[in-house]
Amino acid sequence: GNVIFGAGASVNPASYMMVPTVWVNNLMDASWWMQDQQPAINGWNGNTDGDGTTDYIVPGTLPSGNAGLVWRAIAGTGGNAAGGWNPGNSGSGFGNSFAVNTSRCYRFCVPIRRVSGTGSAYWGIEGGKVCGLNTTTPVGNPYFASSTALSAGRWYLFVGYVFPYGKSGYTHDAGGIYDMLTGQKVASGSNFNWTAGVTSVGTRAYQHYASAGAMQWFAPPMVHLVDGTEPTLDAILASGSVSGRNPLTAGNASTYIANATIGIAHINTASIGSLSALSASMGTVTIDSSGHVKGGQTAYSTGTGFFLGYSGGAYKFSIGNPAGAQLTWDGTDLRLTGQVFGSMSIAAISDIGGTVSAGTNKLLGSRTATVTGGTGTLTYRWVILSQNNNPSTRSCYLSSYTSATVYVYINSIANSNETDVAVMCTVTDANGRAAVQQFTVSVLGV
């Protein structure tokens with residue numbers, strides 16, 4: 001669900017702020033964050049040198065990928081104190097100061113995004129109110145984390161802990177900077193203990209040492225008492241992470257996937273402009289790190305199956321089994337080897353001719369068709385196409401015209417002129433594949 005901060009008669013419905021439930025029980029009161037609001041008027045003291053730096057609450061894209069309101073800091077010409085906030089409370093009721101109990105532990109978080117330009121991002125706490133970790137020595141300028149290496153257009157969660165006064169045995173492990181797209185920790189940070197007698201504290205979030213015009217966004221900060229009721233750090237990171245913990249929708253796919261490392265994600269529908277991957281396994285089909293698409297074959301012309309990709313200096317393709325039937329493209333030649341289903345060819349291997357004399361029903365000759373390939377029982381069909389124009393010859397006919405060997409007869413021969421007869425054989429296999437070949441049967445008369 002969502003919690004709406006700042007609901008009331010004076011709130012502009014077009015500008016109120018909706019935030020995830022991970023901000024429930026947040027000690028930092030951001031209810032006054034409304035569009036085009038200038039932060040300084042509500043008691044969050046600005047971080048500026050008076051060099052033209054500006055801070056405004058403006059519409060932006062939150063870590064979740066949804067639209068929301070962000071604190072926008074734009075660096076002035078000096079760039080040293082280039083936006084953000086300091087501790088303080090002007091009496092507005094919305095100030096950056098809240099009560100704490102030094103016998104308790106608190107977690108401090110703020111999402112920060114580098115939009116443009118260069119500069120340093122800082123997340124800290126009010127000076128002198130915390131001690132070095134596991135000590136009772138106050139720290140005058142305490143920061144939980146800082147970075148000059150934030151990738152532009154990407155949200156990072158800055159995290160720090162303050163532990164009970166006078167206690168020890170704590171570590172800096174949970175503090176630091178986390179990438180909110182991957183959920184991974186990308187930089188270490190510093191944690192602290194409370195100073196004795198502290199009753200209230202404020203936070204510090206800066207853009208500092210920035211190039212003129214550099215822009216940095218802050219999403220609403222979060223301070224939670226660590227007592228088991230606070231949202232887990234994993235839950236906060238899940239509001240922006242694409243590690244499978246947060247639903248992926250068509251509306252946030254581009255934000256989540258851009259430059260993200262995805263561990264295990266379940267995606268029903270997504271619109272993706274471009275995708276780069278080292279490898280992928282999709283059932284029985286594999287795309288390896290070299291860009292080869294394979295199924296069964298482990299490399300070009302290796303094994304039974306198929307291969308498609310760049311190999312040995314050329315784009316190649318192979319399908320089948322190199323020990324049997326296979327089709328290959330090696331970058332130069334297309335080759336078909338082995339017996340291919342339904343492929344046939346016909347060749348004549350004999351021509352039985354003979355001498356004939358005048359009379360009737362004389363054998364001119366024969367042809368035997370030899371078939372290569374084909375599947376199952378073969379069916380033969382011979383037909384006469386033509387005979388020469390010798391006016392003395394008569395009509396021909398065929399014998400055994402449904403067998404592999406055909407015999408050609410002529411009704412009569414009146415002289416010894418040569419006679420040629422053109423015949424055609426059509427062979428069909430059990431799968432309906434056919435091959436056709438034309439032959440000439442010749443005989444020299446006597």
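**Salt bridges, sheets and cysteines in a predicted model**

Asp333 is partly exposed, with a relative accessible area of 33%, a value that, like every other one in this briefing, comes from a predicted model. Salt bridges that share partners join this residue with Asp330 and Arg335 into one network. The points below turn to the charged pairs, then to two open sheets, to strand E8 with its partners, and finally to the cysteines.

**Salt bridges**

- Across the whole structure, a search finds five salt bridges, and three of them are described here with the accessibility of residues that take part.
- Within the network, the side chains of Arg335 and Asp333 meet in a salt bridge with an N to O distance of 3.2 Å, and Arg335, at 40% relative accessibility, counts as partly exposed because its value lies between the 20% and 50% limits.
- Lys294 pairs with Asp288 in a salt bridge whose closest N and O atoms are 3.2 Å apart; Lys294 is buried at a relative accessible area of 16%, and Asp288 is likewise buried, at 17%, because both values fall under the 20% limit.
- Lys129 and Glu126 form a salt bridge through their side chains, with 3.5 Å from N to O, and Glu126 is partly exposed, having a relative accessible area of 22%.
- As general background, side chains of opposite charge can pair when their charged atoms come close.

**The open sheet of seven strands**

- Seven strands form an open sheet in the order E20-E21-E22-E23-E24-E25-E26, and their pairing is antiparallel.
- Strand E20 (280–282) and strand E26 (334–337) stand at the edges with a single partner strand each, so one side of each has no neighbour in the sheet.
- From one strand to the next, the twist of this sheet averages 15 degrees.
- Within this order, strand E24 (residues 314–320) pairs with strand E25 (residues 326–329) in the antiparallel sense over four bridges, and Ser318 stands opposite Thr328 in E25.

**The open sheet of five strands**

- A further open sheet has five strands in the order E3-E6-E17-E9-E11, again with antiparallel pairing.
- Its edges are strand E3 (46–48) and strand E11 (143–147), each of which has a single partner strand, so one side of each is left without a neighbour in the sheet.
- Neighbouring strands here are turned against each other by 10 degrees on average, with direction ignored.
- At the E3 edge, two bridges join E3 to strand E6 (residues 81–85), the two running antiparallel, and Gly46 stands opposite Trp85 in E6.

**Strand E8 and its partners**

- Strand E8 (residues 106–116) is mostly covered, since nine of its 11 residues are buried.
- E8 pairs in the antiparallel sense with strand E12 (residues 155–163) over eight bridges, where the bridge partner of Phe108 is Gly160.
- Strand E19 (residues 222–225) is antiparallel to E8 and pairs with it over four bridges, with His224 of E19 as the bridge partner of Arg107.
- Strand E18 (residues 215–218) also pairs with E8 in the antiparallel sense over four bridges, and Gln216 in E18 is the residue opposite Arg114.

**Cysteines**

- The structure holds zero disulfides.
- Cys109 counts as buried at 0% relative accessibility, and Cys131, also at 0%, counts as buried as well.

Terms used. Residues numbered from 1 in each chain as written. Predicted model: local features only at pLDDT ≥ 70, side-chain atom pairs only at ≥ 80, totals over all residues. Heavy atoms only, no water. Pairing = 2+ DSSP bridges. Axes fitted to C-alpha atoms, helices over the stretch in contact; angles between N-to-C directions. Disulfide = S-S within 2.5 Å. Buried < 20%, exposed > 50% of the residue type's maximum accessible area, 1.4 Å probe, protein only. Salt bridge = Lys/Arg side-chain N within 4 Å of Asp/Glu carboxyl O.
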